[in-house]
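Biologist: Could you take me through one part of this model up close? I'd like to hear how the pieces of a single chain meet.

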Amino acid sequence: MEFFFEVLIGGLLAGVMYSLVAIGFVLIYKASGVFNFAQGAMVLFAALTFVSLLERGFPFFWAFVVTLASLVVLALLIEKAVLRPLVNRPPIILFMATLGLSYMIEGLAQFLWGAQVHGLELGIADEPLEIRGMLLSQFDLFAAGTAATLVIALSLLFNKTRVGLSLRAVADDPLASLAVGIRLPRIWALVWAVAGFVGLVAGLLWGARLGVQFSLSLVVLKALPVLIIGGFSSIGGAIVGGLIIGAAEKVAEIYLGPVIGSGIENWVPYVLALLFLLVRPAGLFGERAIERV
Amino acid sequence: MSAITESVLLRLDDISLSFKGVKAITSISFAVKTGEICALIGPNGAGKSSLLNVINGVYQAQSGSVSYAGQTRRRMRPHQAAERGIARTFQNIALFKGMSVLDNVLTGRNLKRRSSWVEQMLRLGRAPREDDEQRRYAETIIEFLRIHPWRHVLVGKLSYGLQKRVELARALAAEPTLLLLDEPMAGMNAEEKTEMTQFIRDINREFGTTVVLIEHDIGVVMGLCDHVVVLDYGRKIGDGTPEQVRANPEVIAAYLGTRRSRAEAR
Amino acid sequence: MLYQEAGQLSTSYAAERRTFRLRQDRLGLWLLLGFAFIAVPLLGNDYWFSAILVPLLVLSLAGLGLNLLTGYAGQLSLGSAAFMAVGAFAAYNLQLRVPGLPLLVSFGLGGVIAALVAVLFGLPSLRIKGFYLLVATLAAQFVVEWVLTRFSWFTNDNASGVITSPPLLIAGWDFSSPRGRYLLTLAVVVGLFWLGKNLVRSELGRNWMAVRDMDTAAAVIGIRLFKAKLLAFAISGFYLGIAGSLWAFAYLGTVEPHGFDLSRSFQVLFIIIIGGLGSVLGNFLGAAFIVLFPILLANVCGFLPAGLIDSGQLENIQKMLFGALIIAFLIKEPEGLARLWQRFRQRARVWPLRY
């Protein structure tokens, strides 16, 4: 029984990491209505930049700051060159633009820093902690803690600050926000910068876990089932969705894997999300759109 | 006026509809005779569009039944309504923006097709002849509504008034027995309204189509319709000929307010 | 002046409906076909056949398959490569295990099986709309890839998991040479494009576009959404299955699951975005772009001083330019190369006048 809990908790903790990536999506979706496929590429870019700066002798703090700054610059460029020209187009066009964007950013990241795998040391030993007879990864616990802090910080930002109010207004109705004087481009840039920050944190955590390499951008694909279960526009949903997917993936890998075959964690999240959608087409927390004809 | 027979084509019995607890329609019943032009009027938000949606199966009523051409159904899917000869237009034009006028009108004829997609793909069998037949009928409608100069233009590029006419053409292309029009004259100027009124009258006379329309312009309603049903806050408050409804005190109160509220407003 | 249209008025609906209504267009088409079927095999060299023309043709077929589903019927899909894989592996296994089965029949049956798999993963489209549908086709992509690697029956228990495709023998003729592969591919692709063109101009094509543009209205006018969507998945799957078979048999010469991975799906999606959603010609233009762009880029870099850009970076530069081009296309001409071609043709029709 303990083994099951160990697996479960291991899965939940992994799920927290998924949630982090998903939160980046939710932020951008809430504010610009765009499913930012480039989020994964941004995570990769962030991690790669950070690691490369570290390798060139930058101290941790400065590497972090410079990376964050470059992400902000990236966000501003994206807003100006991609979002603004496409502002009135149907969502599928925007989605495809972010596809193109992800290609660009991936190419740029590897152009600048090379395509090798980099190890990333965050200073947390990956020794297992023993709690109540279960072995838990210290690193995973640290990641969970970081994610929780981030979520609390974001909730405070959204709900308690004036900027947060503007962000929520833009998410609700961009045209109306314009009418009350909210500077839309600034808000978009801010949201993308925040999403970039979340992406940076996610990138660092994932990078420390997997090594910083190209496949990091594929993490974005795992975020899709997370968002489907949790809804595209809810941070709470992203967390719950991430936990569910992480746990389900782990449990399936350990318990079903030996029976069916290895590698099923590649498709379990998607099939799970699919089944979920058939039951609840709008996700757990998503809004059910009532079509007015 | 029009060829109204005594038989009832459409009957609504005690229809109630609510959305997540908000009641849109409460216990509405009325009947529409074959061949008549019936108007649904009432202030905004009275539930008129929702009622049309119930009639053609886009919304499912929580209680009550709809009886059409003798058959009573509680639940009906939209394509079933189409198969039974009900066609409609929408308040916010529901045209297929990626296709031309002709193609939009042709889609209206999809139920009249007999050839399978395989035959059409290989251009064999019934397909080519049917293509000609459908095109011929679509052209009669297009010329009837005078939109032929734009037949190959992408619908999205047309003006609002023309789009409304294309939507009407698409509905007509299905050779419907019952035509539901949701504010067919919204956004039109006086001249366009006269034209549209004439079209609707011609459709009723020449094709014998029964028409139920939602309309705000009382002048149009009085001149065009045989039968008027008045809604307010989801309830029926008037039902009769235009003259009867015009004199109905409840209707006057709904539109103009009662004496007390008029006094308060001053 | 090129187009003397005077006197070319249609006197029947059938004449007006013709795909190439103007005599000049028809002439152009016959010239092109003649060139492709007769001149190219005589003039071309092996490199052009194997490395450029065959993949271009196969990818344009794949693009058409995806375009039918996504561009015309509006059902977003990232599972194209999975359906291609199903077609390829089905055709391979049929050729292997059913003695005496003609190659083209194997291809066809492979397409049918791919169609069935596509319908299976397309069933969710009846409940789920738009974006969320991506997850169904993504699931298809990963599940199919996993199934083909996990169960070695598909690869005939081959140790390396990579199998060479059987020789291309049709009715006693050997099409295995580069020229032969080209002709075989050309014939299949031209035939399927003709059918596809008829399809999109038919009732089904219109129904698809209606579902794409506004499905509630489509239901209201009597279109069966169920039938339209599932047919879209099926026919798209069939086209993709055939493309997969051709890709494995006529282009690569090997059949392996990882050649049909997610990046292949993306590649096909890019083809239809750049080529033009909802277009038949666009698939061809998009595929040409995808195949020729890297070659062009490599050649341009070859002209630059040696060492300025090393080959590793070439791939990254290609990626960046690619992404930038997609964005540029979406901003400037969301209807893709097909629209650009249309505009060019419009100018040609009135040349030397301006409009």
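Modeller: Sure, let's zoom in on chain B, where ten residues of domain 1 are in contact with nine residues of domain 2 (contact means that the C-beta atoms, placed from the backbone, lie within 7 Å). Keep in mind that this is a predicted model, in which local features need pLDDT of at least 70, side-chain atom pairs count only at pLDDT 80 or more, and totals for chains, interfaces and linings use all residues. Residues are numbered from 1 along each chain as its sequence is written, while chains are lettered from A and ligands numbered from 1 in the order in which they are written.

On the side of domain 1 of chain B that touches domain 2 of chain B, helix H2 (78–83) and helix H7 (190–207) of chain B each supply at least two residues. Helices here are DSSP runs of H or I with at least four residues, numbered from the N terminus. H7(B) has the largest share of that side of domain 1, with three residues. Sort that same side by class and you get seven nonpolar, one polar and two charged residues. For the classes, Ala, Val, Leu, Ile, Met, Phe, Trp, Tyr, Cys and Pro count as nonpolar, Asp, Glu, Lys and Arg as charged, and the others, Gly among them, as polar.

As for where the domains run, domain 1 of chain B takes in 1–85 + 176–266, and domain 2 covers 99–174; those bounds come from an automatic or database domain assignment. The C-alpha centres of these two domains of chain B lie 28 Å apart.

Chain B also meets a neighbour: its contact with chain C takes 29 residues from chain B and 26 residues from chain C.

Technical notes
Two residues are in contact if their C-beta atoms, placed from the backbone, lie within 7 Å.
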